[in-house]
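Reader: I am new to this structure and would love a close look at one part of it. Could you pick a single piece and walk me through its surroundings?

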Amino acid sequence: MAKIYFKQFAEQQSIDLLNKAKGESKPVDQALMNTSVYEAFKAFLQSDEYEQQPDAKGKVKFKYRPEVSKTYYNQRPNLINAGQYFYNLKDNENAKKIWSLYIDSKNAPLFADHAAEPDQYVATLSYYNSFLAYQTDDFDTFKKYIGNALNDPEQAKAAEEINVAMLQNHFVATKNPADSIAFLNAAKAAHEKYPDVQRYFDVIARCYINDQAQLTKFMDEEIAKNPDAVLPYQYKGDMAMNDGKFEDAIDLFKKVVDKEPENIAAVYNLGVCYYNKANNLKDELSDKKTGALTKANADKVKEILADAQTYLEKARALDPAQETCRWAYILGNTYYVRGETDKYEEVSKYIKR
């Protein structure tokens, strides 16, 4: 059966090669050619499984293995082309199946004589198979091949991204605590190897989003490892702002802006923190019965609002279309309280309802 399939493949391949050599255009049955080479190798491996069975005397005799190993091992790269053919057709299941056969056949007993020979394609195809498994939500295939890709220097960085993403999807699907731990550990390992990739930092932070103590601990560890980092300060600033600790948040966001002066979120959040700080002071200083402020106390509030205005105006300059932050409403209120009527009227038209 294997030889029949291989003959079908070889006939179509011969036409294809002659077309390329002579500039001819004789019809080639690409589907037959690429399916046949897969079926041929599948049959070769299956026949070898039968040949490994002992006879009535308990002896194993290999009649076909030496011939197949010698004649057909170097034909395996045709499986790569066959997988590529189906991949180009967006037939991911067939591509994955054929590339799996190529990878698995490398260490099959049938080709034991070639086991020590390097194979430059196994790691690359393992990466592609893992990627296709991720796309088709095939966790078993993913587990089988991701290790080859992760252990290859050329594929490792890209493979880490797929690994973390697939383990995250798997945990979301199973809701299994063990899968959650596997996902978090993978994200931590990837972050350790590639600290420049923000995605892993964000993934870990989101895992701790409902555990402020763990999230703070993670941020402090990141700052200790790299005092020049920006994201840990930004996360801690967000936490402090959400807790109403505006002084702490201001100190943290200033550290971000010192390192990244055009960080829109941090600039805007500084404006928001000063704005809320001013409102808190207003509530504190207002007459408890009338809600009125003395001129001296009103000036204190306006002084803090001046700081809010500085950062909100900078946020406006950095993000005029309000794609990242909606500065218009708070900036308008700041102008209004500070008595800058013309500026208030001008900015009011940008308030998004």
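**A close look at helix H15**

Author: Happy to! Helix H15 covers residues 295–318, and its 24 residues reach 34 Å from the first C-alpha to the last, close to the 34 Å expected at 1.5 Å a residue. Please keep in mind that this is a predicted model.

Let's begin with the parts of the helix that are hidden. The buried residues of H15 are Asn297, Ala298, Val301, Ile304, Leu305, Ala308, Gln309, Tyr311, Leu312 and Ala315. A general point helps in reading that list: an α-helix has 3.6 residues a turn, so residues three or four places apart point the same way. What lies over these buried residues? The cover includes helix H13 (246–259), helix H14 (264–285), helix H16 (328–337) and helix H17 (341–348).

Now let's zoom in on one residue of the helix. Leucine 305 sits in H15, and its relative accessible area is 3%, so leucine 305 is buried, the cut-off being under 20%. Which residues does leucine 305 touch, not counting those up to four places away in sequence? They are Tyr275, Ala278, Thr334, Val337 and Arg338. Leucine 305 also gives a feel for distance: lysine 61 is 244 residues from it in sequence, and the two C-alpha atoms are 90 Å apart in space.

Next comes the stretch that follows the helix. The loop between H15 and H16 holds glutamine 322. Is glutamine 322 buried or exposed? It counts as buried, because its relative accessibility is 7%. Leaving aside neighbours within four places in sequence, glutamine 322 is in contact with Trp327, Ala328, Tyr350 and Lys352. The backbone of glutamine 322 deserves a glance too, since its phi is near 55°, a positive value in a residue other than glycine. For background, most residues other than glycine have a negative phi.

Another loop offers a companion to that residue. Aspartate 137 has a phi near 55° as well, again positive in a residue other than glycine. It lies in the loop between helix H6 (122–135) and helix H7 (139–150). With a relative accessible area of 61%, aspartate 137 is exposed, whereas glutamine 322 is buried.

Glutamine 30 gives us one more stop, in helix H2 (residues 30–51). At 28% relative accessibility, it counts as partly exposed. Apart from residues up to four places away in sequence, glutamine 30 touches Asp16 and Tyr85. Glutamine 30 and phenylalanine 9 are 21 residues apart in sequence, with 9.2 Å between their C-alpha atoms.

Finally, let's step back to the whole chain. Its secondary structure comes to 17 helices and zero strands. The radius of gyration is 32 Å, well over the 20 Å that the globule rule gives for 353 residues, so the chain is more spread out than a compact globule. Along the principal axes, its C-alpha atoms fill a box of roughly 105 × 50 × 30 Å. Buried residues make up 43% of the 353 residues. Among contacts in the chain with a separation of 6 or more, 54% come from residues 24 or more positions apart. The accessible surface is about 20000 Å², and 50% of it belongs to carbon and sulfur atoms. As for charge, the chain has 47 positive and 53 negative charges, whose mean positions are 2 Å apart.

Key
Residues are numbered from 1 along each chain as its sequence is written. This is a predicted model: local features need pLDDT of at least 70, side-chain atom pairs count only at pLDDT 80 or more; totals for chains, interfaces and linings use all residues. Side-chain values use heavy atoms; hydrogens and water are left out. Helices (H or I, at least four residues) and strands (E, at least two) are DSSP runs, numbered from the N terminus. The expected span of a helix is 1.5 Å times one less than its number of residues. Buried means under 20% relative accessible area, exposed over 50%, partly exposed in between (1.4 Å probe, protein chains only). Contact means heavy atoms within 4.5 Å. The radius of gyration is taken over C-alpha atoms; the globule rule is 2.2 Å times the number of residues to the power 0.38. Accessible areas come from the Shrake-Rupley method with a 1.4 Å probe; for residues, only the protein chains shown count as cover. Lys and Arg count as positive and Asp and Glu as negative; His and the chain ends are not counted. The place of a charge is taken as NZ of Lys, CZ of Arg, CG of Asp or CD of Glu.
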